[in-house]
Amino acid sequence: MESSPNTQPEVSSQVPQETPREPILTVPAALTAYVVLIAVIHLRVLLPLELEDWTVDVFGFIPKRYDSTLLDYTFPGGAGAKVWSFVTYSLLHANLSHIGFNVLWLLPFGSALARRFGAIRFFIFMAVTAAAGALAHLVTHEHAVAPMIGASASVSGTMAAAIRFAFVRGSFLSFNRGDAEAAAKVPALSLSRALRNRRVLGFLAIWFGVNIVFGVGSIAIGIDGASVAWQAHIGGFFAGLVLFSLFDPVPRVAVDAAGASSPDVSTKA
(Lines give C-alpha, C1' and ligand atoms only; values in the text may rest on other atoms or scores of the structure.)
Protein backbone atom coordinates (compact mmCIF):
# COMPACT_ATOMS: atom_id res chain seq x y z
CA MET A 1 0.00 0.00 0.00
CA GLU A 2 1.43 3.17 -1.11
CA SER A 3 1.44 6.08 1.33
CA SER A 4 0.61 9.48 -0.01
CA PRO A 5 2.64 12.50 1.17
CA ASN A 6 1.04 14.66 3.83
CA THR A 7 -0.36 17.87 2.33
CA GLN A 8 -0.33 20.95 4.55
CA PRO A 9 -1.80 24.33 3.78
CA GLU A 10 0.75 26.72 2.36
CA VAL A 11 1.77 29.37 4.84
CA SER A 12 2.53 32.81 3.51
CA SER A 13 6.02 33.98 4.33
CA GLN A 14 5.02 37.60 4.02
CA VAL A 15 4.88 39.51 7.30
CA PRO A 16 2.63 42.57 7.47
CA GLN A 17 4.77 45.66 7.49
CA GLU A 18 4.17 48.64 9.72
CA THR A 19 3.36 51.98 8.19
CA PRO A 20 6.56 54.06 8.04
CA ARG A 21 6.84 56.57 10.80
CA GLU A 22 8.47 59.91 10.15
CA PRO A 23 11.17 60.83 12.70
CA ILE A 24 10.27 63.67 15.03
CA LEU A 25 13.20 65.88 14.01
CA THR A 26 12.88 65.75 10.24
CA VAL A 27 12.54 69.27 8.88
CA PRO A 28 9.35 70.10 6.93
CA ALA A 29 9.61 71.95 3.63
CA ALA A 30 8.19 75.23 4.99
CA LEU A 31 10.83 75.47 7.70
CA THR A 32 13.57 74.45 5.27
CA ALA A 33 12.49 77.27 2.94
CA TYR A 34 12.53 79.75 5.84
CA VAL A 35 16.05 78.76 6.89
CA VAL A 36 17.30 78.85 3.28
CA LEU A 37 15.82 82.34 2.87
CA ILE A 38 17.67 83.55 5.96
CA ALA A 39 20.91 81.99 4.70
CA VAL A 40 20.58 83.58 1.25
CA ILE A 41 19.82 86.99 2.74
CA HIS A 42 22.88 86.68 4.95
CA LEU A 43 25.02 86.75 1.80
CA ARG A 44 24.65 90.53 2.15
CA VAL A 45 27.85 90.35 4.22
CA LEU A 46 29.66 89.86 0.90
CA LEU A 47 28.54 93.31 -0.25
CA PRO A 48 30.78 96.38 0.13
CA LEU A 49 30.58 97.73 3.67
CA GLU A 50 28.62 100.86 2.72
CA LEU A 51 25.98 98.81 0.89
CA GLU A 52 25.74 96.28 3.71
CA ASP A 53 25.18 99.08 6.24
CA TRP A 54 22.54 100.58 3.93
CA THR A 55 20.75 97.20 3.78
CA VAL A 56 20.62 96.95 7.58
CA ASP A 57 19.40 100.56 7.88
CA VAL A 58 16.64 100.01 5.31
CA PHE A 59 15.42 96.58 6.43
CA GLY A 60 16.42 96.52 10.10
CA PHE A 61 14.00 97.76 12.76
CA ILE A 62 15.00 101.23 14.02
CA PRO A 63 12.73 102.68 16.75
CA LYS A 64 14.00 106.22 16.09
CA ARG A 65 12.49 105.94 12.59
CA TYR A 66 9.05 106.44 14.20
CA ASP A 67 10.04 109.47 16.28
CA SER A 68 7.72 112.30 15.28
CA THR A 69 10.06 114.89 16.81
CA LEU A 70 12.66 114.24 14.08
CA LEU A 71 12.20 117.05 11.58
CA ASP A 72 15.62 117.29 9.98
CA TYR A 73 16.66 113.66 9.60
CA THR A 74 15.40 111.01 7.20
CA PHE A 75 16.29 107.34 7.61
CA PRO A 76 17.05 105.24 4.52
CA GLY A 77 13.97 103.52 3.13
CA GLY A 78 11.58 106.40 3.71
CA ALA A 79 7.94 105.76 4.62
CA GLY A 80 8.00 102.22 3.20
CA ALA A 81 10.63 101.10 5.70
CA LYS A 82 8.29 102.10 8.51
CA VAL A 83 6.01 99.30 7.33
CA TRP A 84 8.18 96.48 6.03
CA SER A 85 10.89 96.73 8.72
CA PHE A 86 8.39 95.35 11.26
CA VAL A 87 8.98 92.01 9.53
CA THR A 88 12.14 92.26 7.40
CA TYR A 89 14.42 92.83 10.41
CA SER A 90 13.73 89.23 11.42
CA LEU A 91 15.36 87.91 8.24
CA LEU A 92 18.65 89.74 8.88
CA HIS A 93 21.31 88.34 11.21
CA ALA A 94 24.57 89.61 12.62
CA ASN A 95 26.68 86.52 11.92
CA LEU A 96 26.56 82.75 11.41
CA SER A 97 26.43 82.00 15.13
CA HIS A 98 23.36 84.24 15.42
CA ILE A 99 21.69 82.25 12.63
CA GLY A 100 22.81 78.95 14.12
CA PHE A 101 21.38 79.76 17.55
CA ASN A 102 17.97 80.62 16.11
CA VAL A 103 17.90 77.61 13.80
CA LEU A 104 18.82 75.35 16.72
CA TRP A 105 15.62 76.34 18.54
CA LEU A 106 13.55 76.29 15.37
CA LEU A 107 14.35 72.66 14.63
CA PRO A 108 12.08 71.12 17.29
CA PHE A 109 9.50 73.87 17.82
CA GLY A 110 9.37 75.35 14.32
CA SER A 111 9.20 71.90 12.73
CA ALA A 112 6.21 70.90 14.84
CA LEU A 113 4.46 74.19 14.12
CA ALA A 114 5.14 74.07 10.36
CA ARG A 115 3.62 70.58 10.20
CA ARG A 116 0.60 71.65 12.19
CA PHE A 117 -0.10 74.96 10.43
CA GLY A 118 1.01 74.20 6.88
CA ALA A 119 3.26 76.52 4.88
CA ILE A 120 0.99 79.55 4.42
CA ARG A 121 -0.16 79.74 8.04
CA PHE A 122 3.40 79.13 9.22
CA PHE A 123 4.88 82.01 7.19
CA ILE A 124 2.11 84.40 8.26
CA PHE A 125 2.60 83.34 11.87
CA MET A 126 6.34 84.06 11.65
CA ALA A 127 5.58 87.52 10.23
CA VAL A 128 2.97 88.31 12.91
CA THR A 129 5.23 87.28 15.80
CA ALA A 130 8.12 89.25 14.26
CA ALA A 131 5.88 92.33 14.16
CA ALA A 132 4.83 91.75 17.78
CA GLY A 133 8.49 91.57 18.80
CA ALA A 134 9.24 94.79 16.92
CA LEU A 135 6.31 96.52 18.61
CA ALA A 136 7.55 95.44 22.05
CA HIS A 137 11.03 96.72 21.17
CA LEU A 138 9.59 100.03 19.94
CA VAL A 139 7.63 100.57 23.15
CA THR A 140 10.68 99.89 25.34
CA HIS A 141 13.31 101.59 23.10
CA GLU A 142 11.39 104.57 21.78
CA HIS A 143 14.43 106.68 20.83
CA ALA A 144 16.94 103.94 19.96
CA VAL A 145 18.93 104.53 16.78
CA ALA A 146 20.58 101.10 16.57
CA PRO A 147 18.84 98.72 14.12
CA MET A 148 17.45 95.55 15.66
CA ILE A 149 17.88 92.41 13.57
CA GLY A 150 17.31 88.68 14.11
CA ALA A 151 14.54 86.07 14.04
CA SER A 152 14.49 85.53 17.79
CA ALA A 153 11.07 87.14 18.31
CA SER A 154 9.56 84.75 15.77
CA VAL A 155 11.52 81.83 17.23
CA SER A 156 10.12 82.74 20.65
CA GLY A 157 6.66 82.83 19.10
CA THR A 158 7.03 79.30 17.75
CA MET A 159 8.13 78.06 21.16
CA ALA A 160 5.13 79.69 22.84
CA ALA A 161 2.67 78.36 20.27
CA ALA A 162 4.15 74.88 20.38
CA ILE A 163 3.76 74.51 24.15
CA ARG A 164 -0.01 74.75 23.63
CA PHE A 165 0.21 71.15 22.34
CA ALA A 166 3.82 70.02 22.92
CA PHE A 167 3.17 68.42 26.33
CA VAL A 168 -0.16 66.86 25.40
CA ARG A 169 -0.01 63.06 25.36
CA GLY A 170 1.20 61.82 22.02
CA SER A 171 2.89 65.12 21.11
CA PHE A 172 6.60 65.75 20.59
CA LEU A 173 7.51 66.68 24.18
CA SER A 174 5.35 64.05 25.85
CA PHE A 175 6.81 60.84 27.24
CA ASN A 176 5.17 58.68 24.57
CA ARG A 177 4.77 60.02 21.07
CA GLY A 178 4.00 58.80 17.59
CA ASP A 179 5.47 59.83 14.28
CA ALA A 180 6.20 63.48 13.54
CA GLU A 181 2.91 64.19 11.75
CA ALA A 182 0.79 62.67 14.49
CA ALA A 183 2.83 64.33 17.23
CA ALA A 184 2.33 67.75 15.63
CA LYS A 185 -1.44 67.39 15.25
CA VAL A 186 -2.77 66.34 18.62
CA PRO A 187 -5.64 68.53 19.89
CA ALA A 188 -4.22 71.54 21.73
CA LEU A 189 -4.89 72.77 25.23
CA SER A 190 -6.96 75.90 25.62
CA LEU A 191 -4.96 78.89 26.83
CA SER A 192 -6.54 78.79 30.28
CA ARG A 193 -5.86 75.09 30.66
CA ALA A 194 -2.32 75.42 29.33
CA LEU A 195 -1.60 78.06 31.97
CA ARG A 196 -2.72 75.59 34.65
CA ASN A 197 -0.51 72.77 33.35
CA ARG A 198 2.53 72.24 35.59
CA ARG A 199 4.88 71.35 32.75
CA VAL A 200 3.81 74.36 30.71
CA LEU A 201 4.26 76.62 33.74
CA GLY A 202 7.69 75.13 34.36
CA PHE A 203 8.67 75.80 30.74
CA LEU A 204 7.39 79.39 31.01
CA ALA A 205 9.35 80.00 34.21
CA ILE A 206 12.58 78.72 32.68
CA TRP A 207 12.08 80.58 29.40
CA PHE A 208 11.33 83.94 31.01
CA GLY A 209 14.13 83.46 33.52
CA VAL A 210 16.71 82.76 30.83
CA ASN A 211 15.59 85.68 28.67
CA ILE A 212 15.43 88.22 31.45
CA VAL A 213 18.65 87.21 33.21
CA PHE A 214 20.83 86.42 30.22
CA GLY A 215 18.97 88.11 27.38
CA VAL A 216 19.90 85.47 24.80
CA GLY A 217 18.82 86.06 21.18
CA SER A 218 18.13 89.05 18.95
CA ILE A 219 20.97 91.44 18.24
CA ALA A 220 20.88 95.20 17.91
CA ILE A 221 23.85 96.64 16.04
CA GLY A 222 25.05 99.97 17.30
CA ILE A 223 28.13 102.10 17.81
CA ASP A 224 29.01 100.36 21.04
CA GLY A 225 28.68 96.90 19.51
CA ALA A 226 25.97 94.31 19.95
CA SER A 227 23.34 94.23 22.67
CA VAL A 228 20.38 91.97 23.29
CA ALA A 229 16.78 92.98 22.57
CA TRP A 230 15.14 90.62 25.04
CA GLN A 231 11.91 92.64 25.13
CA ALA A 232 11.34 91.65 21.51
CA HIS A 233 11.55 87.99 22.52
CA ILE A 234 8.82 88.52 25.09
CA GLY A 235 6.64 90.34 22.56
CA GLY A 236 6.99 87.49 20.06
CA PHE A 237 6.48 84.87 22.74
CA PHE A 238 3.32 86.52 24.09
CA ALA A 239 1.88 86.86 20.58
CA GLY A 240 2.60 83.21 19.79
CA LEU A 241 0.99 82.03 23.02
CA VAL A 242 -2.16 84.15 22.72
CA LEU A 243 -2.69 84.09 18.94
CA PHE A 244 -2.02 80.38 18.46
CA SER A 245 -5.74 79.52 18.25
CA LEU A 246 -6.24 81.92 15.32
CA PHE A 247 -3.79 79.89 13.22
CA ASP A 248 -4.48 76.38 14.51
CA PRO A 249 -6.29 74.23 11.91
CA VAL A 250 -6.58 71.17 14.19
CA PRO A 251 -10.14 70.89 15.52
CA ARG A 252 -10.73 70.86 19.25
CA VAL A 253 -12.22 67.84 20.94
CA ALA A 254 -15.37 68.11 23.06
CA VAL A 255 -13.25 68.16 26.20
CA ASP A 256 -9.81 69.74 26.01
CA ALA A 257 -6.97 67.38 25.25
CA ALA A 258 -5.61 65.65 28.31
CA GLY A 259 -2.61 67.17 30.05
CA ALA A 260 0.82 65.70 30.26
CA SER A 261 0.07 64.29 33.69
CA SER A 262 -2.33 61.81 32.12
CA PRO A 263 -1.06 58.47 30.76
CA ASP A 264 0.52 58.98 27.35
CA VAL A 265 -1.44 57.63 24.41
CA SER A 266 -0.65 58.52 20.82
CA THR A 267 -3.46 60.57 19.36
CA LYS A 268 -4.12 61.50 15.75
CA ALA A 269 -6.36 64.37 14.82
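Four exercises with worked solutions follow, on a predicted model of one protein chain.

Residues are numbered from 1 along each chain as its sequence is written. In this predicted model, local features need pLDDT of at least 70, side-chain atom pairs count only at pLDDT 80 or more, totals for chains, interfaces and linings use all residues, and side-chain values use heavy atoms, with hydrogens and water left out.

**Exercise 1. Confidence**

State the mean pLDDT of the protein chain and locate stretches where pLDDT is below 50.

Solution. Step one: pLDDT is the predictor's confidence in each residue, from 0 to 100. The chain has a mean of 81, and 75% of its residues reach 70 or more. Step two: residues 216-225 have a pLDDT below 50, yet the model gives this stretch 33 contacts (heavy atoms within 4.5 Å) beyond near neighbours in sequence. Step three: residues 255-269 also stay under 50, with 41 contacts beyond four places in sequence.

**Exercise 2. Overall make-up**

Give the number of helices and strands, and the order of the elements.

Solution. Step one: helices (H or I, at least four residues) and strands (E, at least two) are DSSP runs, numbered from the N terminus. There are 10 helices and three strands. Step two: from the N terminus, the order is α-α-α-α-α-β-α-α-α-α-β-β-α. Step three: of contacts with a separation of 6 or more, 79% join residues 24 or more positions apart.

**Exercise 3. Helix α5**

Check the length of helix α5 (residues 119-140) against its expected span, then list its buried residues and what covers them.

Solution. Step one: the expected span is 1.5 Å times one less than the number of residues. For the 22 residues of α5 this gives 32 Å, and the end C-alpha atoms are 32 Å apart, so the two agree. Step two: the buried residues (under 20% relative accessible area, 1.4 Å probe, protein chains only; exposed is over 50%, partly exposed in between) are Phe122, Phe125, Met126, Thr129, Ala130, Gly133, Ala134, Ala136, His137 and Leu138. Step three: their cover includes α1, α3 (78-88), α4 (96-117), β1 (148-149), α6 (152-162) and α10 (230-247).

**Exercise 4. Thr55**

Is Thr55 buried or exposed, and which residues does Thr55 touch?

Solution. Step one: Thr55 is in helix α2. Step two: its relative accessibility is 12%, so Thr55 counts as buried. Step three: leaving out residues up to four places away in sequence, Thr55 touches Arg44, Leu47, Gly60 and Leu92.
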